[in-house]
Amino acid sequence: MRRLWGGISRLFVCGANNSTGQHLQRLYLNSILTGQAICAHQQSLAKSLLGAQFARGGSFGGLSRTSGGMNFGGDPAYQAALEAAARSSVLAASIGLPTMSPIAPTLDALLQPPNSTRPLSTNAVAPPRSSGQRNKNSAPRSGTEAGEGAGSPIGTPTETAASPAAKHTPQARGPGAGPTGRGGVTANGPGREHSSAGGRQVGGERQPSASTRGAGRGSESGSEVRAAAEAAMSQLRLDRTGEQEVVASASEKGAKKRVNGTKKDNQWYGVYPEHMLQQDLSTGLKSGKIFRGKIRINPGNVNESYVTVPGLPHDLLVRGEINRNRAVEGDEVAVKVQPPFAWFIRNKVAQQQNQQNQQQQVPADPQTRRGPEECPWQDCTSPDQVKQVLCELLAAKPELRATAKVTGILAPSAKRDQLVGLLRLVGRLPDPSLPSWDPATEASMPRPLSAVVEDALAGDAAGEPGDEGRAHLHLIPVDPRLPICRVRASQVYNMSAALLAGLLRGEPAAGRTLVSGLVRYWNPNSLHPVATLRASLGQAGEIESETAAILEAEAIRSGEFEADVLACLPPLPWRISEQDLEGRKDFRSHRVFSIDPPTAKDLDDALSIEPLPGGDGWRVGVHIADVSHFIEPFSALDVEAGRRATSTYMVQRVIPMLPPLLCEQLCSLNPGEDRLTFSVVWDMGKDGSIRSTWFGRSVIRSCAKLSYPLVQRMIEGDFRAQDTGVWLHGDGVTWDQVEADSLALWSLAKQLRAARFNGGALRLDNTRLFFSLDNDGNPVAAAPYVQKEANQLVEEFMVLANISVAQFVSGVFPDRAMLRRHPPPNESKMGELRDAAQAAGVQLDVSSASSLQASLAALRASEPPEVEGQSAVERLSSAARHRRMVDLVIMLATRPMQLAKYFSTGDCEDALELWRHYALAVDHYTHFTSPIRRYPDVVVHRQLAAALDVTEKGLSPLAAAEKHRLLDPSLTSRVADHCNERRLAARDAQDASLRLYLCVLLARQPCVALGTVNGLGGDLFFSAYLTEFGTEVTVRVKEMGAQLTAEWNQGAKVLTLARELEAEAGAGAMPIGRKRQGQAAGRGRGRGQGQGQGPNSAAGGSGDGGNPSLAEWVDSLPPVRNLHGLQPARLPLHLRQFDDVPLIMTAVLAAGEPPRLTARVYLPEAEQALAARARESEVAAKAQGPGEEAAAAAEGSNVGLAVRQSMVPWDSMLVD
């Protein structure tokens, strides 16, 4: 056997022109790229060819070379495998975790003819077997070739999960015949269920017969596999014939009862529509009848989803579960625009007029309606023609919003693999009378409890979860955009038997246990998809558990570095060798120093400056840690760094991209130590003009680690050397020299910055928070981060270095340089920004980045008009109000902006205008200056080294690329896409961490803060932006806790809040939209299981009762701080855009839900309640001794002393 596989190995390497060899290349390369080895023999073959790190989990970058340097880049089979890997998002895959892949998991896909068409589905991979069977009966997975259409065929799953108690064959279940739902299923479609006592499974799924399970085992011979496959498929096709008949019957019966995905009488009728065939999708995409785009689900209303189509003035609206058709947040979907008569009417007045026209039988516009199913664009033959017709229709009918429905899933979202939530028992009531069980003290489960557990597991073995009388579980995601998933009891049992027992007993701890999982498949006849569990993350409500959930939800690789990664590090003690110094310029005798945050450990950049000979200019150097020297291309360390792609900064800790030995020691430019660097050196005039640029590898020895506050004192003239606490290194280096160098750098940076903004650059800085934490890691204070001149000094030279490197590298490698571009903002949204600002009396020119920057600069420099007789305090208040308005305008200006992205120049080599960076107003930009925390910088370092060999040593670009083992153009593009995805995930994780800590802080320390109105929702709600916290909050009128009426003036865009008696006394002409809000007695969003923490239970409307009065709500909170001495709002209150309103801010922390801010208007009754509470506290304090008073105050506030700052390095991330 060993000789046989050895011969196949040689055939694989040498048989590029042989059809059998090409087939093996497709099979093995696709297996390796997707991290799904077919069998142990292929695994060993993969290791011998491409290195163990690729066969183990799939490489993200070095896919075009073997361990010996062989390049398959020109082989068609290799390219086909790469394309298949790209569609499966292999670059973002995690080690050991299944991915949503277009690999067909069933034998049907293996036997499918090459040119046949199959319907697209979301059924990515088959559910795994139990741990005892997974290795024995794993079905082979076959890849699809590139270029077969718009999407990739995805097979039908074979469910083989068996319970540990009893492994039985799942029984087939007819689709479309699911039982009716009870307990937690709403009448408006598949809602989010939190409590389903007494309910049953809603919807059922048919599982393929057991005859398909054993076929295709890797240990069998090819003829046996083929024979088993043919027999299995014969039976499977017979089963499918019966299934189609049942589906057709159910669809025919349910079509009459189903209207846009709604359910009547709490029943789920029929099935989701089948996705279109791949051939039909391809034809539709070419003709413009179908568009593609990523779907975004509204977290506040999951029945609304959006798809952006370039060229259309607005996003397409996808309404309802049926129209979304099993698409998940982030999926790339194919959508079909619905006829105009089905479009959504955004304006209530227009909607009423439309209803009147229908009642009066007014004939519709022939251009918008030809017939019940006809579309004005049906005769168009290209996407541009269809878009033109749609734009004309939307321009003629501005009150309409074009709607669409999903017809196929082109690329599954990574969100499918990132479920985090709580488990809920469905189909049976928990039984608290069952005996408890602690696995730590009891080896076996008590009999009454074990019997119930066995019965739950038997539900898995007997058939589909949700059968009559059988218990099953739902995974309720924390992210409301993700679907509720069905989970087998055996999945929970295999992960934690105690957790399953706790759920069956109804233990609160089990109900608060956060778990992670992934969507396995979603059949058309099932209301919910089926999920597989991965791990238990801890108790909801604890900061560390919530942080783990955030990292899991964003697929952040936060574990320890594996042994093979650490084996790539140099042994200690490490010293720079003579070989390391060859070809490097020595800067160790120069004054080089770093400027970083005071707590920084990974120092990856340093600066130097010296006068040019003759004194008519400066020589400035930027020195960046040479991280690529320590990372061998395609090594295990390189693969791991590429998978992480970026360091992730949470509030309390950092998840590094590189092992600490590199990022904190060997690569960190610590003072007094020799370090290897990449340098960019400019000869500049005194005005900052560049005369020449030098690039090269170098070695430095930093003389000092300066901090931003220290350099800021130098700039402000408040520097005293004796107060620094910083050591200087190097012979003859003095503080006077370091201070003079810093001021010279600042002089040049000011001129560079002025020239950059005069050239059209744009800067939008939103409020960024940093937190102070106590010994337990809880937040005790928060404050906005303020950027000062010292930050701008470093920023200007880092930007200049990135621009210089981008120009140089792209000139040598125009086919593969990794650059960074920033597309211009959405024009229609910029127009909305201009109109909103103009309505509030603010003039903004949004025609270009430079004009917007000039408008914002003028707005910052302007002062509020003086009012005669205004006191000094009033003038200060007016200036503060003006600053808040400026901050809000800047925040609103960021909304139309698109994200900057990495890209390979080879993707748009002939369209140089696409390279441009909108905000920086430059044609070439990249990331070069932070290789310790960003993987694209490592790629750029390698490209720079290769480019220097071309310009200095005369190598050809191809020879230099091979010498430095650069990524080929295709892989460069793929790595850029992966880095974009990981960068966005890291940013979302950081934002979630900041939001978590802010909510914890405000839940413990509610406060009165001033908000600036930035949105009005008619007479229902308004939103306000709080500059103090850099966030916004929605205030709903019905939840204000006072007897109020809300009057909305559509023409003036004014919301008037008044007390009911006042409104009735002065009632005259009724403005449009007048509505009595009163004290709400309805139900709020609640928290599902009634879980929460004390005072927060009433914060946003309880799920168990009415809305408490404002005074009662204030009394239920911890002590409310009013640090700014704000006065309560007086009624009637007239709210317009940019008006200020005092708010009481707190947060709701509920198990299984994202933490959310909540607020109510600070009214006089709230002020009275706070005053009464303060008097009670004073009386109680007088009755206690001094020691008891201090202890009571500490216990009441539940706040410790600040001992450390948050870890988010805003200083280093300002130009990211």
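**Group meeting talk: helices, sheets and rings**

Hi everyone, let's start with helix α23: of its 24 residues, 21 are buried, so α23 is largely enclosed by the rest of the structure. Please keep in mind that what we have here is a predicted model. Where do you find α23 in the sequence? It covers residues 789-812. How long should such a helix be? At 1.5 Å a residue, those 24 residues should span 34 Å, and the end C-alpha atoms are 35 Å apart, which agrees.

Now let's step back to the whole protein. Its secondary structure comes to 33 helices and 35 strands. There are 1216 residues, and buried ones make up 54% of them. Here is a number about the fold: take the contacts between residues at least 6 apart in sequence, and 74% of these join residues at least 24 apart.

Next, the sheets. I'll show you two.

In one open sheet, five strands follow the order β3-β2-β1-β4-β7, and the pairing is antiparallel. Which strands are at the edges? They are β3 (316-319) and β7 (404-411), and each pairs on one side only. From one strand to the next, the twist averages 40°. If you look at β2, residues 304-307, you can see four bridges joining this strand to β3 in the antiparallel sense. Across that pairing, Tyr306 stands opposite Leu317 in β3. A helix packs on this sheet too: α8, residues 278-287, touches β1 (291-297), β4 and β7. The direction of α8 makes about 115° with that of β7.

The other open sheet has five strands in the order β28-β27-β26-β33-β34, again with antiparallel pairing. Its edge strands are β28 (1031-1036) and β34 (1156-1161), each pairing on one side only. Here the twist averages 50° from one strand to the next. Strand β26 (residues 1007-1017) and strand β27 (residues 1021-1026) run antiparallel and are joined by five bridges. Gly1015 stands opposite Ser1023 in β27. Which helix lies across this sheet's β26, β28, β33 and β34? That is α29, residues 969-1004, running at about 100° to β33 (1140-1148).

Let's finish with the aromatic rings. A pair of rings is described by how far apart the centres are and by the angle of the planes. How many aromatic pairs does the structure hold? The count is nine. One of them brings together Trp343 and Trp377: the centres are 6.2 Å apart and the planes are at 15°, so this pair is stacked. Stacked is the word because planes under 30 degrees apart count that way. The two partners come from distant parts of the chain, 34 residues apart. Trp343 is in the loop between β4 (332-337) and β5 (344-345), while Trp377 is in the loop between α10 (348-359) and α11 (383-396). Are they buried or exposed? Trp343 is buried, with a relative accessible area of 6%, and Trp377 is buried as well, at 4%.

Compare that with Phe678 and Phe928, whose centres are 6.5 Å apart and whose planes are at 70°, so the pair is edge-to-face. Phe678 belongs to strand β19 (residues 674-685), and Phe928 to the loop between β25 (901-904) and α27 (935-953), 250 residues apart. Both Phe678 and Phe928 are buried.

Rings can have charged neighbours as well. Arg644 lies over the face of Phe561, 4.0 Å from the ring centre. The charged end of Arg756 sits over the ring of Phe757, at 5.1 Å from its centre.

Thanks for listening!

Notes. Residues are numbered from 1 along each chain as its sequence is written. This is a predicted model: local features need pLDDT of at least 70, side-chain atom pairs count only at pLDDT 80 or more; totals for chains, interfaces and linings use all residues. Side-chain values use heavy atoms; hydrogens and water are left out. Rings of Phe, Tyr and Trp (its six-membered ring) pair if their centres lie within 6.5 Å; planes under 30 degrees apart count as stacked, over 60 as edge-to-face and the rest as tilted. Helices (H or I, at least four residues) and strands (E, at least two) are DSSP runs, numbered from the N terminus. Buried means under 20% relative accessible area, exposed over 50%, partly exposed in between (1.4 Å probe, protein chains only). A charge sits over a ring if NZ of Lys or CZ of Arg is within 6 Å of the ring centre and within 35 degrees of the ring normal. Two strands pair if DSSP finds at least two bridges between them. Axes are lines fitted to C-alpha atoms, for helices over the stretch in contact, and angles run from 0 to 180 degrees between N-to-C directions. Contact means heavy atoms within 4.5 Å. The expected span of a helix is 1.5 Å times one less than its number of residues.
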